[in-house]
Amino acid sequence: MGGGLEIRDELLGNNDVKPPQHIDLYGNPYSVPDFTMKQIHDAIPRHCFKPSTTKSLAYMARDYIYLISLIYLSHTYIPLLPSPYFRGALYTIYTFLAGLPMTGIWILAHESGHGALFPKSLKRLNNITGFILHSSLLVPYYSWRISHNHHHKTIGHLQRSSVFAPSTREEYIRSTLGKDVDPVTVHELGEDTPLYTLGQCLVHQLLGWPLYLLYNVSGVTGQRGFPYYSHFWFGESSKLFKRHELWWVFVSDLGLAGMCGLLWWAVRTWGVWNVAVMYGVPYLWVNHWLVVITYLQHTDGKLAYFAHPQWTFARGASATIDRDFGFTDRHFFHNIIGTHVLHHLVSTIPFYHAQEATEAIKKVMGKHYHADTETPLLTAFWKNQRDCKFVEETVGMEGSGIYMFRNLHGRGERARDLRPKEDRS
């Protein structure tokens with residue numbers, strides 16, 4: 001694919017030069033969303049906005065029944081098997097399976113944080129439920145809820161986005177090659193080896209979530225680091241939370257301290273091995289699913305990021321993408337993967353109404369609704385890790401404030417050549 005329409009036409013000797021336009025990583029023209037939030041709200045059936053206490057409690061009970069049943073069966077029957085290899089295989093299967101309802105429980109707490117689990121009249125119940133569920137998974141509920149609310153308010157904003165904020169070209173080059181490198185001189189880079197990418201993915205999946213909580217690692221450059229950008233720091237020097245929010249950060253920490261105390265008691269009662277297998281490894285699976293889901297909701301070659309003058313809430317919220325993870329998403333993950341565009345536009349809609357609401361907003365969004373239901377989830381994760389390295393404006397659209405994903409490996413639409421013309425071969 002070429003590096004922009006102007007260069008293409010010049011090389012082809014085309015006198016009928018087309019006006020420049022935004023081009024996504026896949027070489028497709030991109031147009032800025034023009035729908036309004038009123039159109040979105042008006043398109044969604046009224047009943048979709050109403051949570052059902054009974055239905056929400058039923059989903060919560062179902063997830064805990066799954067989890068408790070798995071723990072009971074594994075703890076009771078696997079130790080009876082004579083073969084250590086068979087026991088090891090079944091324990092491995094258990095940790096994966098237990099991670100699914102645990103991730104579902106995390107997502108239910110996420111619903112509570114948006115006030116979407118119970119009706120508005122039960123706001124306190126929403127928060128108490130979210131606090132208990134998230135604390136049980138070592139998540140600082142109120143701290144997360146505050147920063148997550150900021151994420152929703154600034155999604156797609158190049159300078160303010162707080163979750164998987166993309167690097168600019170300059171940031172990417174200097175973080176890859178060194179701070180003293182002049183980005184203008186770097187036109188292309190050798191492609192990462194598959195082994196290097198695999199290493200990046202493993203670090204990403206194992207450490208991404210705790211590092212986000214500790215350091216705000218996926219925030220914009222300059223807004224990261226412990227303790228001032230930590231979800232656990234309740235001192236007045238916090239850069240992440242306002243003064244009136246610090247009490248809730250402290251309460252969140254108390255919830256985690258209580259859960260750590262329960263885990264210590266469990267270790268003293270059942271031993272390190274049992275707690276590690278029954279809780280620790282499934283907890284790592286939860287971290288894995290959270291990071292891969294969130295990353296893929298906000299990273300794709302189709303998506304744009306907007307500089308401040310161009311950003312609006314509707315544009316930013318449309319810079320997300322729905323994917324298909326089949327039965328696992330629809331049943332265990334409460335369809336958080338398949339209805340995320342809707343969630344960013346109207347986050348108070350309960351997950352069990354999200355599919356119906358998604359079908360409704362597609363008619364309003366038209367071509368601005370993004371979905372990739374063909375690429376397997378983990379294939380998309382690998383592909384985007386290799387391809388979506390930074391964002392920049394399209395050739396001929398400099399100064400537009402619309403940024404698309406690019407890389408310097410020659411994969412997809414080429415990045416701009418910033419070298420002087422006389423230095424280009």
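The lining of the second largest cavity comes out as two nonpolar, four polar and two charged residues. That's in a predicted model, and the cavity in question has a volume of about 50 Å³. Below is a quick tour of the empty spaces, the cores and the ring pairs.

**Cavities**

- Four cavities of 30 Å³ or more turn up in the structure.
- The biggest of them has a volume of about 90 Å³. It has 13 lining residues, and the closest to its centre are Glu-111, Thr-339, His-343, Phe-351 and Ala-354.
- Two elements, H4 and helix H13 (340-345), each give two or more residues to that lining. H4 gives the most, with three residues.
- Sorted by class, the lining of the largest cavity has seven nonpolar residues, five polar and one charged.
- Back to the second largest cavity: its walls are made by His-187, Glu-188, Asn-407, Leu-408, His-409, Gly-410, Arg-414 and Ala-415.

**The largest pocket**

- If you're after open space, the largest pocket holds about 1400 Å³.
- It is lined by 50 residues, and Phe-164, His-204, Val-217, Ser-218 and Tyr-295 are the closest to its centre.
- H4, H6, helix H7 (169-177), H8, H10 and H13 are the elements that each put two or more residues into this lining. H8 gives the most, with nine residues.
- By class, the pocket lining splits into 25 nonpolar, 21 polar and four charged residues.

**Nonpolar cores**

- The largest nonpolar core runs to 53 residues, and those with the most contacts inside it are Met-102, Trp-106, Trp-209, Trp-289, Ile-293, Leu-296 and Phe-333.
- Helices H3 (53-77), H4 (84-113), H6 (141-154), H8 (194-215), H9 (246-270), H10 (272-298) and H15 (377-387) are the elements giving two or more residues to this core. H10 gives the most, with 13 residues.
- Want one residue to click on? Trp-289 is in contact with Phe-96, Gly-99, Leu-100, Thr-103, Phe-325, Phe-333 and Leu-377, leaving aside its neighbours within four places in sequence.
- There's also a second, separate core of 17 residues, with Ile-44, Cys-48, Ala-354 and Ile-361 among them. You've met Ala-354 already, as one of the residues closest to the centre of the largest cavity.

**Aromatic pairs**

- Searching the whole structure gives 28 aromatic pairs.
- One of them is Tyr-72 with Tyr-77, an edge-to-face pair at 6.5 Å centre to centre, with 90 degrees between the planes. Tyr-77 counts as partly exposed because its relative accessibility is 45%.
- Tyr-215 and Phe-226 also make an edge-to-face pair, because their planes sit at 65 degrees, with the ring centres 6.1 Å apart; the cut-off for that label is over 60 degrees.
- Tyr-215 belongs to helix H8 while Phe-226 is in the loop between H8 and H9, so this pair ties together parts that are 11 residues apart in sequence.
- Both rings of that pair count as partly exposed: Tyr-215 has 36% relative accessibility, and Phe-226 has a relative accessible area of 47%.
- Elsewhere, ring pairs join Trp-106, Phe-131, Tyr-141, Tyr-142, Trp-144, Trp-209, Tyr-212 and Trp-248 into a cluster. Trp-106 and Trp-209 are also among the residues with the most contacts inside the largest core.

Definitions and conventions
Residues numbered from 1 in each chain as written. Predicted model: local features only at pLDDT ≥ 70, side-chain atom pairs only at ≥ 80, totals over all residues. Heavy atoms only, no water. Core = buried A, V, L, I, M, F, W, Y, C linked by side-chain atoms within 4.5 Å. Buried < 20%, exposed > 50% of the residue type's maximum accessible area, 1.4 Å probe, protein only. Helix = DSSP H or I, 4+ residues; strand = E, 2+ residues; numbered from the N terminus. Contact = heavy atoms within 4.5 Å. 1 Å grid on protein atoms, 1.4 Å probe; cavity = no way out; pocket = protein on both sides within 12 Å on 5 of 7 lines; lining within 4 Å. Points joined across faces, edges and corners; volume = space filled by probe spheres on them. Nonpolar A, V, L, I, M, F, W, Y, C, P; charged D, E, K, R; others polar. Phe/Tyr/Trp six-rings, centres within 6.5 Å; stacked < 30°, edge-to-face > 60°.
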